[in-house]
Amino acid sequence: MVWTDEKEWGLLKALDPLTGETKWDFRYFRAPWAGTLSTSGGLIFSGDEDGYLMAFDAKSGKNLWKFNTGNRLVTAPMTYTVGGRQYVTMPSGGAVLTFALPE
């Protein structure tokens with residue numbers, strides 16, 4: 001192992017699957033353990049070590065929304081539909097948080 005004085009960080013990166021070209025990236029302050037979820041509606045959901053659940057525009061990488069859950073996030077967000085409405089759910093500590101997506 002090589003030890004450096006560089007602070008820990010992480011990266012969420014979107015790649016073009018045909019060319020491997022980087023389309024956009026988002027740098028985290030620390031390396032995340034949480035998984036990532038993409039939706040057919042063009043959203044990317046991801047969580048970080050500081051407890052933020054975030055939504056990104058899949059094409060531009062723009063951070064559209066973030067919510068501090070109060071605990072570090074270490075699992076992947078989930079999505080489901082009930083009565084035609086889509087929801088995203090994220091476990092955080094001893095809680096399970098669920099948000100309705102815009103119609």
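**Figure 1. Overall strand order of the predicted model.** From the N terminus on, the elements of the protein run β-β-β-β-β-β-β-β-β. The structure shown is a predicted model, and the protein contains nine strands and zero helices. The C-alpha trace spans about 50 × 40 × 20 Å along its principal axes. Among contacts between residues at least 6 apart in sequence, 24% join residues at least 24 apart.

**Figure 2. The largest nonpolar core.** This core is made up of 11 residues. Leucine is represented by Leu 37, Leu 43, Leu 53, Leu 73 and Leu 101; the aromatic members are Phe 45 and Phe 99; and Ala 34, Ala 55, Val 88 and Met 90 complete the set. At least two residues of the core come from each of strand 4 (43–47), strand 5 (52–57) and strand 8 (85–92). In soluble globular proteins, nonpolar side chains tend to be buried together.

**Figure 3. Surroundings of Phe 99.** Phe 99 belongs to the largest nonpolar core. When its neighbours within four places in sequence are left aside, Phe 99 is in contact with Leu 53, Trp 65, Phe 67, Gln 86, Tyr 87 and Val 88. Of these partners, Leu 53 and Val 88 are also members of the largest core.

**Figure 4. The second nonpolar core.** Separate from the largest core is a second one, of seven residues. Among its members are Leu 12, Ala 14, Met 54 and Phe 56. Phe 56 also takes part in an aromatic cluster, which is the subject of the next view.

**Figure 5. An aromatic cluster and the pair Phe 26–Tyr 28.** One aromatic cluster is formed by Trp 24, Phe 26, Tyr 28 and Phe 56. Seven aromatic pairs are counted in the model. The ring centres of Phe 26 and Tyr 28 lie 5.4 Å apart, and because their planes stand at 85°, where over 60 degrees is required, this pair is classed as edge-to-face. Tyr 28 has a relative accessible area of 4% and is therefore buried. Phe 26, in contrast, has a relative accessible area of 23% and is therefore partly exposed, as the limit for a buried residue is under 20%.

**Figure 6. Surface and charges of the protein.** Of the 103 residues, 30% count as buried. The protein exposes about 7,000 Å², of which carbon and sulfur atoms supply 55%. The protein carries 10 positive and 11 negative charges, and the mean positions of these two groups are 4 Å apart.

Terms used: Residues are numbered from 1 along each chain as its sequence is written. This is a predicted model: local features need pLDDT of at least 70, side-chain atom pairs count only at pLDDT 80 or more; totals for chains, interfaces and linings use all residues. Side-chain values use heavy atoms; hydrogens and water are left out. A nonpolar core is a set of buried Ala, Val, Leu, Ile, Met, Phe, Trp, Tyr and Cys residues joined through side-chain atoms within 4.5 Å. Buried means under 20% relative accessible area, exposed over 50%, partly exposed in between (1.4 Å probe, protein chains only). Helices (H or I, at least four residues) and strands (E, at least two) are DSSP runs, numbered from the N terminus. Contact means heavy atoms within 4.5 Å. Accessible areas come from the Shrake-Rupley method with a 1.4 Å probe; for residues, only the protein chains shown count as cover. Lys and Arg count as positive and Asp and Glu as negative; His and the chain ends are not counted. The place of a charge is taken as NZ of Lys, CZ of Arg, CG of Asp or CD of Glu. Rings of Phe, Tyr and Trp (its six-membered ring) pair if their centres lie within 6.5 Å; planes under 30 degrees apart count as stacked, over 60 as edge-to-face and the rest as tilted.
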